[in-house]
Amino acid sequence: MTTHSRGVSATIDPVKLDRLAEVAIKVGLQLQPGQDLVLTSSIAALPLARRIVEHAYKAGAGLVTPIFNDDEMTLARFRYGADAGFDHAAGWLYEGMAKAFANNAARLAVRGEDPSLLSAQDPGQVARANKANSIAYQPALEKITGFDINWNIVAYPDLAWARQVFPGDSDDVAVARLADAIFAASRVDVDDPIGNWKAHNAALRSRTEWLNGHNFHALHFTGPGTDLTVGLADGHEWMGGASTARNGITCNPNIPTEEVFTTPHARRVEGHVTSTKPLSYQGTLIDGIAVRFEQGRIVEAKASRGEDVLKKVLDTDEGARRLGEVALVPHSSPIAASGLLFFNTLFDENAACHIALGQCYSKCFVDGASLTPDEIAARGGNKSFIHIDWMIGSDKVDIDGVGKDGGRVPVMRKGEWPLGGEWA
């Protein structure tokens, strides 16, 4: 494949790539002068990572520390590594990241890995490696899910990823199409991306205000294969778009984002639900997920593909079978309207309503920054080593908000916010 200077594929618009890096720093993180940054990225995404570092230092970053991974190196472990090694993870690295976050370093992750990287590897080893990594990552993850710091995730159009999204195209065309899709979803294909993000954040804020005003006791999802009541945590708060971290910095954690989300009550989820899109989880594709909840806990779980990995994920710890997030996304979101399946949760979760297994976000409580872990648990917040989003929304799913008195208010009909809503 031919390349421009600085390692950028000739099929990727360098101007839009630079805009994405700028948006990641100025909107995604709102990086502050003197603030350090921990950057993780695949080696394949080096062209974007380099631009991010440039914009970070232009914004006054103290020190940017990049940490890279590589698909071929990951595969080498599964092909040649000793079996006992799959129960180990780099805890020392995550402890160092947690220490950096405790010292107010920002966090930025560049995603773009091969969605099916580990699909041909031993599922037992994959599950053991994932579990060990999840446990080791906990000190750093707690700083992120607790929203102690400003953090952000963006994406880069890696070739292996592009081949999966556009399997019938040549490599150059596939990468170009994925790049264009990423730029459009990330709102950098316009003349004023930062202004566009400001307006988008305002729209998301109006939806969170409407939901918080109703203070629903639960959400009821109905559709094909789905009849699910998700109780909402006591004192929950809806969030979406730009949010202010405990360090006082307002950031957009996900680019792109179309969701508004909150914390479910970990012990008040009942019924059954079927996934509407595949879940790409650490190199394994899990499709056709169907689960049943009783008293907040998954008691039955099936999948048409990747079921072994799903069940091992659910056995990670007690909290892995309970919900840590529920998020609402209209079916008409730009990502859904693209008609693409990205095989990447960062994008696919913004095409449909979704739920997340595992760790809750403590920020999704009124005055969440002041709550202790015990207080969060008492209000229904879940604790786990994992946090895994999967999609349950479509244009065939309706959602009602249920009050404490049992009264119902339409929240979504056929995957859309009702016309004439108070925030519309």
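Is Asp-367 buried or exposed? Asp-367 is exposed, at a relative accessible area of 57%, where exposed means over 50%, buried under 20% and partly exposed in between (1.4 Å probe, protein chains only). The model is predicted, so local features need pLDDT of at least 70 and side-chain atom pairs pLDDT 80 or more, while totals for chains, interfaces and linings use all residues. Residues are numbered from 1 along each chain as its sequence is written, and side-chain values use heavy atoms, with hydrogens and water left out.

**Figure 1. Overall view of the protein chain.** The protein chain holds 12 helices and 20 strands; these are DSSP runs numbered from the N terminus, helices being H or I with at least four residues and strands E with at least two. The C-alpha trace spans about 65 × 50 × 45 Å along its principal axes. A compact globule of 424 residues would have a radius of gyration near 22 Å, and the 20 Å of the protein chain agrees with this; the radius is taken over C-alpha atoms, and the globule rule is 2.2 Å times the number of residues to the power 0.38. Of the 424 residues, 55% count as buried. Among contacts between residues at least 6 apart in sequence, 76% join residues at least 24 apart, contact meaning heavy atoms within 4.5 Å.

**Figure 2. Helix H8 and its packing.** Helix H8 covers residues 193-214, and the distance of 32 Å between its end C-alpha atoms agrees with the 32 Å expected for 22 residues at 1.5 Å a residue; the expected span is 1.5 Å times one less than the number of residues. The buried residues of H8 include Trp-197, His-200, Asn-201, Leu-204, Trp-210 and Leu-211. In an α-helix there are 3.6 residues a turn, so residues three or four places apart point the same way. The partners of the buried residues of H8 are helix H1 (14-29) and the strands S7 (239-240), S10 (260-262), S16 (323-328) and S20 (408-412).

**Figure 3. Two residues with positive phi.** Most residues other than glycine have a negative phi. Asn-215, just after H8, has a positive phi of about 50°. Asn-215 belongs to the loop between H8 and strand S5 (218-223), and its relative accessibility of 48% makes it partly exposed. Asp-367 is likewise not a glycine, and its phi is positive, near 60°. The loop that holds Asp-367 runs between strand S17 (354-358) and helix H12 (373-378).

**Figure 4. The loop between S9 and S10.** Pro-256 sits in this loop, which follows strand S9 (250-251). The peptide bond joining Ile-255 and Pro-256 is cis, with omega about 10°. Asn-252 is in the loop between S9 and S10 as well, and counts as buried at 2% relative accessibility. Leaving aside neighbours within four places in sequence, the contacts of Asn-252 include Val-27, Gly-28, Trp-151, Asn-152 and Thr-257. Trp-197 and Asn-201 are also in contact with Asn-252, and both are among the buried residues of H8. From Asn-252 to Ala-84 the C-alpha distance is 39 Å, across 168 residues in sequence.

**Figure 5. Thr-345 in helix H11.** Thr-345 lies in helix H11, residues 345-348. Its relative accessible area is 19%, so Thr-345 is buried. Not counting residues up to four places away in sequence, Thr-345 touches Leu-279, Ser-280 and Asp-389.
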